[in-house]
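Reader: I should like to learn how to read the features of a protein model, one at a time. Please give the general idea first and then the case at hand.

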Amino acid sequence: MYFNSFQEFSFTNIMTLRGSTQIVNQTIDSSSRVYGITPSSSSYVPLGHGNYTSLSYVSLGFNEKRLAGSSSSPWMSSVLNNSQQGQGAMNVSGNLVTGRLGSTQQVYHLDGSVECYFWNVSSSNYTILYNISGDPCQQKRRSNSGFRNGKVIRFMPGEHLPV
């Protein structure tokens, strides 16, 4: 796995002289980006007579901690965790696909001084297995006991995601 990280900074200084008083106003703009490429795995399992199964797996995740502020503005902090996985299997007979199965999972958790969000979703073959989201900090701010105020969106068996 490898990541490329880019940071850009620009600043502007405005200096004003008023008698013996010097006023300096400095503005700093920053931008940061991270690009990641993760390893994936795939395997080919021969079954004989021109039949085989192809298996694939991919995983991606990141953890980010931020702290921003200045002497003239409040300090803000946030922690972001995001984890994603995907698996797939395909059965092939000759040149025809005879069966397939795919699944995905994602857990996204943002805990910050300004905002919080939690999302946990999983699907299999275009069908949502579960989809839980909420504001974990809302309950924590009230009782300081952690996440309890999630929203569960239920889907009937066989209900599919739009393709």
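Author: The dialogue below goes from the whole chain to single residues and then to a pocket. This is a predicted model, in which local features need pLDDT of at least 70 and side-chain atom pairs count only at pLDDT 80 or more, while totals for chains, interfaces and linings use all residues. Residues are numbered from 1 along each chain as its sequence is written, and side-chain values use heavy atoms, with hydrogens and water left out.

Reader: How many helices and strands does the protein chain have, and in what order do the elements run?

Author: Helices (H or I, at least four residues) and strands (E, at least two) are DSSP runs, numbered from the N terminus. Here the protein chain has nine strands and one helix. Read from the N terminus, the order is β-β-β-β-β-β-β-β-α-β.

Reader: What share of the residues in the protein chain is buried?

Author: Buried means under 20% relative accessible area, exposed over 50%, and partly exposed in between (1.4 Å probe, protein chains only). Of the 163 residues in the protein chain, 16% are buried. Accessible areas come from the Shrake-Rupley method with a 1.4 Å probe; for residues, only the protein chains shown count as cover. The accessible surface of the protein chain comes to about 12300 Å², and carbon and sulfur atoms hold 55% of that surface.

Reader: What share of the contacts in the protein chain joins residues 24 or more positions apart?

Author: A contact means heavy atoms within 4.5 Å. Among contacts in the protein chain with a separation of 6 or more, 36% are between residues 24 or more positions apart.

Reader: Let us turn to single residues. Is Asn-82 buried or exposed, and why?

Author: Asn-82 counts as buried because its relative accessibility is 8%. This residue lies in strand 5. Leaving aside residues up to four places away in sequence, Asn-82 touches Leu-60, Gly-61, Phe-62, Gln-106, Val-107 and Tyr-108.

Reader: Which side chain is joined to that of Asn-82 by a polar contact?

Author: A polar contact is a pair of N or O atoms within 3.5 Å; within protein, one must be able to donate a hydrogen and the other to accept it, and residues adjacent in sequence count only if both atoms are side-chain atoms. The side chain of Asn-82 has such a contact, of 3.1 Å, with the side chain of Gln-106.

Reader: Which side chains make polar contacts with those of Ser-123 and Asn-131?

Author: Ser-123 belongs to strand 7 (residues 116-124) and is buried, with 11% relative accessibility. Its side chain is joined to that of Thr-104 by a polar contact of 2.7 Å. Asn-131 sits in strand 8 and is buried at 12% relative accessibility; its side chain makes a polar contact of 2.7 Å with the side chain of Trp-119.

Reader: How far apart in space are residues such as Ser-123 and Gly-86?

Author: One compares the separation in sequence with the distance from C-alpha to C-alpha. Ser-123 and Gly-86 are 37 residues apart in sequence, and their C-alpha atoms are 9.5 Å apart. Gly-48, in strand 3, is partly exposed at a relative accessible area of 33%. Its C-alpha atom is 9.5 Å from that of Ser-93, which is 45 residues away along the chain. Glu-8, in strand 1 (residues 2-18), is partly exposed at 42%; Glu-8 and Asp-29 are 21 residues apart in sequence and 8.1 Å apart from C-alpha to C-alpha.

Reader: Which residues other than glycine have a positive phi?

Author: His-49 is one of them, with a phi of about 55 degrees. His-49 is in the loop between strand 3 (40-48) and strand 4, and it counts as exposed because its relative accessibility is 84%. Tyr-126 also has a positive phi, near 70 degrees, and is found in the loop between strand 7 and strand 8 (127-134).

Reader: Finally, what is the volume of the second largest pocket, and which strand gives the most to its lining?Author: On a 1 Å grid over the protein atoms alone, a pocket is an open set of points where a 1.4 Å probe fits, with protein on both sides within 12 Å along at least five of seven lines; lining residues have an atom within 4 Å of a point. Grid points are joined across faces, edges and corners, and a volume is the space filled by probe spheres set on the points. The second largest pocket has a volume of about 200 Å³. Strand 4 gives the most to its lining, with four residues. The lining includes Lys-65, Met-76 and Glu-115.
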